[in-house]
Amino acid sequence: QVQLVESGGGLVQPGGSLRLSCAASESILNFYAMGWYRQSPGKQREFVAAITTGVTTYADSVKGRFTISSDNTKNTVYLQMNSLIPEDTAVYYCSVKQTSWIGNYWGQGTQVTVSS
């Protein structure tokens with residue numbers, strides 16, 4: 001099984017930036033998909049961004065503001081978040097999928113709070 005550890009969350013003012021990191025316990029070189037989801041209290045977990053077979057995808061709510069990337073030498077997936085707004089406040093979860101027919105592995109999440 002793959003273990004994932006998220007980091008980089010915290011409190012930031014509107015318009016600010018944060019970079020989240022997701023460190024995997026094994027090589028991510030040939031993973032089918034790697035991505036980020038988020039969840040606010042009382043709401044469903046929602047998709048944020050992913051890299052699937054080398055193709056990046058973003059939720060409409062974060063397009064132009066967030067960028068997902070990966071560093072295979074560090075077995076790490078990143079989420080660069082710019083121009084943050086209060087609606088971005090949530091627990092952000094990293095998820096990876098080794099193959100298309102196997103379920104996702106999930107990290108424990110990291111809190112992002114956007115407030116003045």
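Me: Where is the place of Ser 83 in the chain?

Reply: Ser 83 is found in the loop between strand 8 and strand 9. A strand here is a DSSP run of E with at least two residues, and strands are numbered from the N terminus. The structure is a predicted model, in which local features need pLDDT of at least 70 and side-chain atom pairs count only at pLDDT 80 or more, while totals for chains, interfaces and linings use all residues. Residues are numbered from 1 along each chain as its sequence is written, and side-chain values use heavy atoms, with hydrogens and water left out.

Me: Why is Ser 83 called partly exposed?

Reply: The relative accessible area of Ser 83 is 41%. Buried means under 20% and exposed means over 50%, with partly exposed in between (1.4 Å probe, protein chains only). The value of 41% falls in between, and Ser 83 is therefore partly exposed. Its phi is positive, about 50°, although Ser 83 is not a glycine.

Me: What makes Asp 88 count as buried?

Reply: Asp 88 has a relative accessible area of 1%, which is under the limit for buried residues. Asp 88 belongs to the loop between strand 8 (76–81) and strand 9.

Me: Which residues is Asp 88 in contact with, leaving aside its neighbours within four places in sequence?

Reply: Contact means that heavy atoms lie within 4.5 Å. By that rule, Asp 88 is in contact with Arg 38, Arg 65, Phe 66, Ser 83, Val 112 and Val 114.

Me: How do you know that Cys 22 and Cys 94 form a disulfide?

Reply: A disulfide is a pair of cysteine sulfur atoms within 2.5 Å. The sulfur atoms of Cys 22 and Cys 94 are 2.0 Å apart, and a disulfide joins the two residues. The count by this rule is one disulfide. In general, a disulfide is a covalent bond between the sulfur atoms of two cysteines.

Me: Why is the disulfide of Cys 22 and Cys 94 called left-handed?

Reply: The torsion about its S-S bond is about -80°, so the disulfide is left-handed. Cys 22 lies in strand 3 (residues 18–24) and Cys 94 in strand 9 (residues 90–97), so the pair ties together parts that are 72 residues apart in sequence. Both Cys 22 and Cys 94 are buried.

Me: How do you know that strand 5 and strand 6 pair?

Reply: Two strands pair if DSSP finds at least two bridges between them. Strand 5 (residues 46–52) and strand 6 (residues 55–58) are joined by four bridges and run antiparallel, so they satisfy the rule. One bridge sets Thr 52 against Val 55 in strand 6.

Me: What makes Thr 53 exposed?

Reply: Thr 53 has a relative accessible area of 56%, which is over the limit for exposed residues. Thr 53 lies in the loop between strand 5 and strand 6. The hairpin of these strands has two residues between them. Thr 53 has a positive phi of about 45° although it is not a glycine.

Me: How do the side chains point along strand 1?

Reply: In a regular strand the side chains alternate between the two faces of the sheet. In strand 1 (residues 4–7), Leu 4 and Glu 6 point to one face and are buried, while Val 5 and Ser 7 point to the other and are not. Strand 1 runs antiparallel to strand 3, with four bridges joining them; Glu 6 stands opposite Cys 22.

Me: Why is Met 34 called buried?

Reply: Met 34 has a relative accessible area of 6%, again under the limit for buried residues. Met 34 is part of strand 4 (residues 33–39). Met 34 and Lys 97 are 63 residues apart in sequence and 6.3 Å apart in space, C-alpha to C-alpha.

Me: How many cavities of 30 Å³ or more does a search of the whole structure find?

Reply: The search finds one. On a 1 Å grid over the protein atoms alone, a cavity is a set of points where a 1.4 Å probe fits but cannot get out, and lining residues have an atom within 4 Å of a point. The volume is the space filled by probe spheres set on the points, which are joined across faces, edges and corners. The largest cavity holds about 30 Å³ of space. Its lining includes Arg 38, Lys 43 and Ala 90.

Notes. On a 1 Å grid over the protein atoms alone, a cavity is a set of points where a 1.4 Å probe fits but cannot get out, and a pocket is an open set with protein on both sides within 12 Å along at least five of seven lines; lining residues have an atom within 4 Å of a point.
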